[in-house]
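Morning, everyone. Please bring up the structure, and I'll walk you through a surface patch, then the cores, then a sheet.

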Amino acid sequence: MKIRIITIMIGTVYFTSLSFAQSISQSDSINMKPIELDEVIINGALIKHDSRSDEYRLTQELTQGATSAYDVLSRLPGITYNNISNSVSVRMDNNVIIKVNGNNVSPEYIQALPVDAISKIQVVYAPEARYTTEGIRYVINIKLKKDAEGHSLYIGNSIMVSAGKNNGSDIIANEQPKGQYIYSNKKIDITAGYGFASIHWNYPIEYSKSYAGITSLQTGAVNAHNPNDFNSTYSNAANLGINWELAPYQTLSFLGTFQADRTKHSSVYDLYFEHTPVNRLLDYTEHNIENSKIKDIAGAVYYQGMFENGWNVFAGFGYNRYQDNFNSEYSGFDSHYNSLYRNRRNYWRGEVDVNYSFNDLLSLNFGYRGIWNRYSTLNREDWSVLSKYTDDHHNTYLFLDWSPSENILFHIGSGMEAIKKGNLTERHNWIEVLPHISATWQPSDKFQLMAEYQTKMEYPSIFQTSEASINIDRWLSMIGNSGISPARKQMISFQGTVLESIIFGAEYNLMHNHISEWYEKKGEDEFTKTFINARSQELRLIAGYDWRIIKGLVWQNIFQWKWGGIKGRGFSNHTSNISWESKINYWIQPIGLLASIEYSREMEKLPLLQGWQQFGQDLWQISLKKSVLDDSLSFSINYIPPFHLGVRTSQESFIKTDFMDLSQRLNLRTYDNLMILRIEWRFNKGRNKKRHIQPYEFETEQKQGKGLL
């Protein structure tokens with residue numbers, strides 16, 4: 001192990017900054033490529049406002065030192081990239097999908113894209129019904145420069161090193177080698193990839209419990225160098241994609257993925273009693289073990305066609321099979337519990353989406369999406385059925401886009417969703433009308449303002465509905481609730497963009513039947529954690545600004561204030577939070593090195609009916625990035641210093657009822673002195689090819705002078 005760490009550090013010094021890519025490249029789900037249009041941006045403007053989107057041209061200043069597409073995205077106003085979780089948010093909202101040339105792609109594919117292959121990036125603030133009915137709030141569309149014929153190979157690796165030994169004995173906290181091969185000719189694109197991950201995160205956790213009339217107890221003191229909560233995951237993932245041009249502007253695509261995970265969570269808590277029960281020990285050790293083996297297989301077929309007289313058709317059909325063999329074991333306080341069960345899910349999905357343009361001022365979008373879910377939970381000791389759950393929903397929608405003038409767009413329509421849900425003893429049926437109205441005003445190329453009202457549904461997860469019981473300790477167990485209802489969410493928002501660097505917005509959300517945790521007393525010394533429906537509200541305000549101080553030096557900022565409240569079963573609670581993302585990039589031209597300092601204040605307090613819990617974390621990061629060999633080989637290093645100004649070093653939760661009090665404190669100093677090392681290599685060999693290029697939805701609508709349907 002010492003030799004391995006020394007080798008890594010020598011490589012880091014030699015290359016100045018070392019970066020290991022977390023990527024498996026994956027093909028487009030539908031082979032739609034961009035039309036090369038003449039450049040119309042005057043005087044090298046960075047941004048072009050559309051009726052419902054912003055389009056950024058990739059300038060040399062924007063791409064300097066960037067080693068991946070995610071680096072470029074993180075430099076756009078209002079977009080944040082989380083380097084640890086490999087996730088993207090727009091205006092501090094995580095309901096985002098990223099496309100390439102209008103196609104659905106994987107995060108691994110985006111990570112594998114060479115920066116010099118990107119032409120423009122479009123940020124769509126109000127996607128069409130096909131996305132919004134799935135809860136997608138923003139669409140990012142990466143437009144490539146050209147369509148190539150030949151071979152492409154991507155190889156990358158990433159390593160997270162706990163240099164401060166704050167991760168127990170696991171100095172290597174995360175290692176992910178991955179690779180992807182892509183082949184293209186005049187008619188067919190084929191891609192295949194494989195990746196492996198070995199992830200180990202260990203945390204020090206303290207908690208206290210008080211059960212009325214029974215006992216009060218708490219853990220002993222812990223610290224970052226001696227964690228008591230251990231988590232590991234071993235993952236194998238593979239993908240295969242085929243795009244076939246059936247005829248001019250007619251494309252058939254297949255996309256398949258396979259993933260197998262082995263996860264283990266174990267905790268060892270040394271507890272002592274504040275109030276000792278009669279005939280019990282003064283202290284004891286509590287063990288919790290959860291093992292899971294997951295297999296997830298998915299496949300989908302897509303068709304995309306463009307016809308004369310303004311017709312565009314998209315159709316897709318897919319299947320997903322998920323299986324989780326789960327083992328939960330608890331021992332402590334003269335007690336031992338073991339639970340073995342299997343979760344299964346069979347998921348079928350079909351959809352059709354049609355766009356028709358009457359003229360440049362009026363267009364119609366309508367479609368259907370059907371989803372058929374089958375969940376089951378089996379006892380692995382006697383293979384008895386613990387729970388069966390069906391969830392079918394059918395969504396139809398019809399939307400009209402109308403532009404009474406060049407600078408005003410109205411997007412009006414509604415979806416109707418029929419939901420059928422049942423378990424072993426109950427059946428429920430709902431019909432929901434989901435209206436969606438938006439208006440965009442763009443008085444000039446420097447300003448854009450949009451107002452929107454939207455309704456969508458959110459559904460319980462298999463975890464929240466599973467009726468398999470899991471023991472948390474001697475007195476408390478957890479069980480799902482198959483009778484909880486889907487949540488209906490209504491949203492009103494205003495958002496705008498000014499010039500090339502200022503964004504602002506306000507949003508209010510009201511959710512009926514919000515799914516929340518709930519604690520109940522079942523017997524004299526028996527308590528249960530489950531899930532119920534409640535009513536929640538949320539108000540948030542955002543503002544962002546990018547300041548180009550001097551050439552090569554940019555300071556990005558985005559702020560959010562959020563208030564949340566919840567009511568139900570005679571209880572009410574509320575919290576408020578301030579979040580801040582700040583990043584300074586400096587391009588050191590003489591040596592071709594990008595240096596960055598970033599501050600993230602992301603931790604939020606979520607209100608619960610019987611308390612609150614925190615999620616997210618605050619961090620300072622320092623990073624160096626460099627590319628060599630004509631940018632085909634890139635390196636970077638990110639370092640999280642033990643600097644805690646403005647950083648909360650613990651993540652807490654608190655539950656209080658008449659019969660129990662629970663509190664937990666997770667120490668986040670695990671991330672102190674964490675180094676993220678990445679390297680990625682891209683090899684491309686080929687030439688341009690001539691194919692009937694199919695205009696994808698975004699660009700087609702821009703040419704017609706309309707916004708996105």
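Start on the surface. This is a predicted model, and it shows a nonpolar surface patch of about 800 Å². The residues that make it are Y545, W547, I549, I550, W555, I584, Y586, I597 and I622. Which strands each supply at least two residues of that patch? They are β29, residues 526–550, and β31, residues 571–588. β29 gives the most, with four residues.

Take I549, which sits in strand β29. Why does I549 count as partly exposed? Because its relative accessibility is 34%, and partly exposed runs between 20% and 50%.

Now inside. The largest nonpolar core has 34 residues. W201, Y284, M660 and Y671 have the most contacts within that core. Five elements... let me just list them: β12 (188–203), β13 (205–211), β16 (250–275), β38 (660–667) and β39 (674–688) each give two or more residues. β12 brings the largest share, four residues.

Look at Y284. Leaving out residues up to four places away in sequence, Y284 touches L217, Y269, D270, L271, F273, Y330, G332, F333 and W475. Another core lies apart from the largest one. That other core has 32 residues, including L62, Y70, Y109 and V115.

Last, the sheet. Six strands form an open sheet, in the order β1-β2-β7-β8-β5-β6, and the pairing is mixed. At the edges are β1 (47–49) and β6 (103–104), each pairing on one side only. Within the sheet, β2 (residues 53–57) and β7 (residues 118–124) run antiparallel, joined by five bridges. Where does D54 find its bridge partner in β7? At V123.

Notes: Residues are numbered from 1 along each chain as its sequence is written. This is a predicted model: local features need pLDDT of at least 70, side-chain atom pairs count only at pLDDT 80 or more; totals for chains, interfaces and linings use all residues. Side-chain values use heavy atoms; hydrogens and water are left out. Two strands pair if DSSP finds at least two bridges between them. A nonpolar core is a set of buried Ala, Val, Leu, Ile, Met, Phe, Trp, Tyr and Cys residues joined through side-chain atoms within 4.5 Å. Buried means under 20% relative accessible area, exposed over 50%, partly exposed in between (1.4 Å probe, protein chains only). Contact means heavy atoms within 4.5 Å. Patches are made of residues with over 30% relative accessible area and no salt bridge: like charges are joined within 9 Å, nonpolar side chains (Val, Leu, Ile, Met, Phe, Trp, Tyr) within 5 Å. Accessible areas come from the Shrake-Rupley method with a 1.4 Å probe; for residues, only the protein chains shown count as cover. A salt bridge is a side-chain nitrogen of Lys or Arg within 4 Å of a carboxyl oxygen of Asp or Glu.
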